[in-house]
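Q: I have a model open and want to learn how to read it. Can we take the ligand site, a pair of strands and the empty spaces in turn?

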Amino acid sequence: MTDYSIDLEQYILDHIDDEEPILQELNRQTHIQMLQPRMLSGHVQGKILKMLVQMMNPLNILEIGTFTGYSAISMALGLQKEGAVIDTIEINDENEEFIQSFIDKAEMHQTIQLHIGSALDIIPQLDKQYDLVFMDGDKRQYRRYYELIFDKLNTGGYILADNVLWDGKVVEELHPNDAYTKEILAFNQMVKEDARVEKVILPFRDGISLIRKK
Ligand SMILES: C[S@@+](CC[C@H](N)C(=O)[O-])C[C@H]1O[C@@H](n2cnc3c(N)ncnc32)[C@H](O)[C@@H]1O
């Protein structure tokens, strides 16, 4: 069978809105300056996040795993409510200056609040209710993030969990030492069995779970 995936990806890029200049620059600088630049969401996922935020119209967003800020800025571009805010948490303090410089360049310092530290420590300190949580931190901690954020999510609010297909490994034979795939499998099963939420998996890129609190 012919593999059209690269052609299709290019076709998609040719038929969607252009990447905003600030995101183009962030994308470029991440590739120049950072290790593992592939962690960045990228143009298509950024546009999807922005569009989902426009559809959900949240007041408060929580992001777990900022990396260099691409997804945070993409989501911020979709905010419409007066006073809407994104709390974004990044464990790697070496990224702080880079992230903050792009938040400032995007003139989003009032909208995006960067927290440096582990989400496991910071989430319990956040005295706020959220309409949307974008979960994109350490894949081995997904169930813990879910438990920590659940009570802070408003009824009717959404969780977007990234990488839930884990490069297709969720359907491959499990290697006993593969803690990442093990946790993603356990997380997906836990969400599947959680009657408090509606859920669907968008088979886009590495898979995004779209979870709605009933
Ligand atoms: C896949 S990257 C995030 C990509 C980013 N959301 C984007 O779309 O451009 C995952 C990030 O989560 C961070 N991280 C890992 N464990 C974390 C934790 N416990 N708390 C906060 N951030 C964490 C990593 O340092 C890394 O920068």
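A: Yes. Keep in mind that this is a predicted model. Start with the ligand. Around the ligand there are 21 residues, and those that come nearest are S41, G65, S71, E90 and A119.

Q: Which polar side-chain atom lies 2.4 Å from an oxygen atom of the ligand?

A: Look for pairs of N or O atoms within 3.5 Å. Here the atom belongs to S41, with the ligand oxygen 2.4 Å away.

Q: Which side chains come close to a nitrogen atom of the ligand in that sense?

A: Two cases can be given. In S118, a polar side-chain atom lies 3.2 Å from a ligand nitrogen. In D136, an N or O atom of the side chain is 2.8 Å from a nitrogen atom of the ligand.

Q: How much of the ligand does the protein bury?

A: Compare the ligand alone with the ligand in place. Alone, the ligand exposes 610 Å². The protein buries 91% of that area.

Q: Which elements give two or more residues to the shell around the ligand?

A: They are helix 4, residues 70-77, and strand 2, residues 85-90.

Q: How do the residues of that shell divide by class?

A: Nine are nonpolar, eight are polar and four are charged.

Q: Now the strands. How do strand 6 and strand 7 run, and how many bridges join them?

A: A general idea helps when you view any strand. Side chains in a regular strand alternate between the two faces of the sheet. Now the case here. Strand 6 covers residues 197-202 and strand 7 covers residues 208-213. The two run antiparallel, joined by six bridges. To find your place, take K199, which stands opposite I211 in strand 7.

Q: What lies between strand 6 and strand 7?

A: Five residues lie between them, and the two strands form a hairpin. In the turn, R205 has a positive phi of about 50 degrees.

Q: Next, empty space. How many cavities of 30 Å³ or more does the structure hold?

A: Rolling a probe the size of a water molecule over the atoms shows where empty space is left. This structure holds one such cavity. The largest cavity has a volume of about 40 Å³. Its lining includes E19, H43, Y70 and L77.

Q: Which helix gives the most to that lining?

A: Helix 3, with four residues. By class, the lining of the largest cavity has three nonpolar, three polar and four charged residues.

Q: What is the volume of the second largest pocket, and which residues line it?

A: The volume is about 160 Å³. Among the lining residues of this second largest pocket are I16, D17, K47 and M55. The lining has five nonpolar, one polar and three charged residues.

Methods
Residues numbered from 1 in each chain as written. Predicted model: local features only at pLDDT ≥ 70, side-chain atom pairs only at ≥ 80, totals over all residues. Heavy atoms only, no water. Near = heavy atom within 4 Å. Polar contact = N/O pair within 3.5 Å; in protein donor to acceptor, adjacent residues only side chain to side chain. Areas by Shrake-Rupley, 256 points an atom, 1.4 Å probe, with all protein chains shown as cover. Nonpolar A, V, L, I, M, F, W, Y, C, P; charged D, E, K, R; others polar. Pairing = 2+ DSSP bridges. 1 Å grid on protein atoms, 1.4 Å probe; cavity = no way out; pocket = protein on both sides within 12 Å on 5 of 7 lines; lining within 4 Å. Points joined across faces, edges and corners; volume = space filled by probe spheres on them.
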